[in-house]
Amino acid sequence: MRYLHTMVRVTDLDASLAFYCDKLGLKEVSRTENEAGRFTLVFLCAPGDEEAARQKKAPTVELTYNWDPETYQGGRNFGHLAYAVDDIYAVCQRLKDAGVIINRPPRDGRMAFVRSPDNISVELLQAGPALPPAEPWASMPNVGTW
């Protein structure tokens, strides 16, 4: 068994790509437009996984955009996506500077949560050992839910 992808339904493909690619840093590796089914599939991967994603079709996140409007509820029910990052403080600062709310700041130097435009929780985990607690993160409160 091997992990292939996680599918997330999105309501605004442009806003979702701006979040996942421009802000979070994922890379688009393929896109399929299906006129008969009236949907678009966009597969994304973490930086450094591009070759594996193209060759093995994994590990990826599949954004599914249905062309006919639909209301999706329960993004919290989905759970979350999780990514290891080299410097959790730098990633959180970059996201914050891009206007992303840090719902659960990395107070412990190890874990943070943000949400996509469709309310999908994204967990960021420090690769390796936790970084020493640092401000402004150490005293930053939680915002909303994750």
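## A pair of facing residues

Tyr 83 stands opposite Leu 124 in strand β7. That is a handy place to begin a walk through this structure, which is a predicted model. Tyr 83 belongs to strand β5, where the side chains alternate along the strand. Leu 81, Tyr 83 and Val 85 point to one face and are buried. His 80, Ala 82 and Ala 84 point to the other face and are not buried.

How many bridges pair β5 with β7, and in which sense do they pair? There are six bridges, and the pairing is parallel.

## The three-stranded sheet

Let's step back to see the sheet that these strands belong to. It is an open sheet of three strands, in the order β5-β7-β6, and its pairing is mixed. Which strands are at the edges? They are β5 (80–85) and β6 (111–115), since each of them pairs on one side only. From one strand to the next, the twist averages 25°.

You have already met the parallel pairing of β5 and β7. On the other hand, β6 and β7 (residues 121–126) run antiparallel, joined by five bridges. In this pairing, Ala 112 stands opposite Leu 124 of β7, the residue that also has Tyr 83 opposite it. Helix α4, made of residues 88–97, packs on this sheet and touches β5, β6 and β7. The direction of α4 makes about 145° with that of β7.

## The four-stranded sheet

Now for another sheet. Four strands form it, in the order β1-β4-β3-β2; this sheet is open as well, with mixed pairing. The edges are taken by β1 and β2 (27–34). Each has a single partner strand, so one side of each is left without a neighbour in the sheet. Here the twist averages 20° from one strand to the next. Helix α1 (residues 13–23) packs on the sheet and touches β1, β2, β3 and β4, and its direction makes about 5° with that of β3.

Strand β4 is a good one to follow. Its pairing with β1 (residues 5–10) is parallel and has six bridges, with Val 8 opposite Leu 63 of β4. Its pairing with β3 (residues 39–45) is antiparallel, again over six bridges. Two examples show how β3 and β4 line up: Thr 40 stands opposite Tyr 65 in β4, and the bridge partner of Phe 39 in β4 is Asn 66.

Why is β4 described as largely enclosed by the rest of the structure? Because six of the seven residues in this strand (residues 60–66) are buried.

## An aromatic pair

How many aromatic pairs does a search of the whole structure find? The search finds one. The rings of Phe 19 and Tyr 20 have their centres 5.0 Å apart and their planes at 80°, so the pair is edge-to-face. The reasoning rests on a simple cut-off: planes over 60 degrees apart count as edge-to-face.

Are these two residues buried or exposed? Phe 19 counts as buried because its relative accessibility is 4%. Tyr 20 has 0% relative accessibility, so this residue counts as buried too. The cut-off behind both statements is that buried means under 20% relative accessible area.

Methods. Residues numbered from 1 in each chain as written. Predicted model: local features only at pLDDT ≥ 70, side-chain atom pairs only at ≥ 80, totals over all residues. Heavy atoms only, no water. Phe/Tyr/Trp six-rings, centres within 6.5 Å; stacked < 30°, edge-to-face > 60°. Buried < 20%, exposed > 50% of the residue type's maximum accessible area, 1.4 Å probe, protein only. Pairing = 2+ DSSP bridges. Axes fitted to C-alpha atoms, helices over the stretch in contact; angles between N-to-C directions. Contact = heavy atoms within 4.5 Å.
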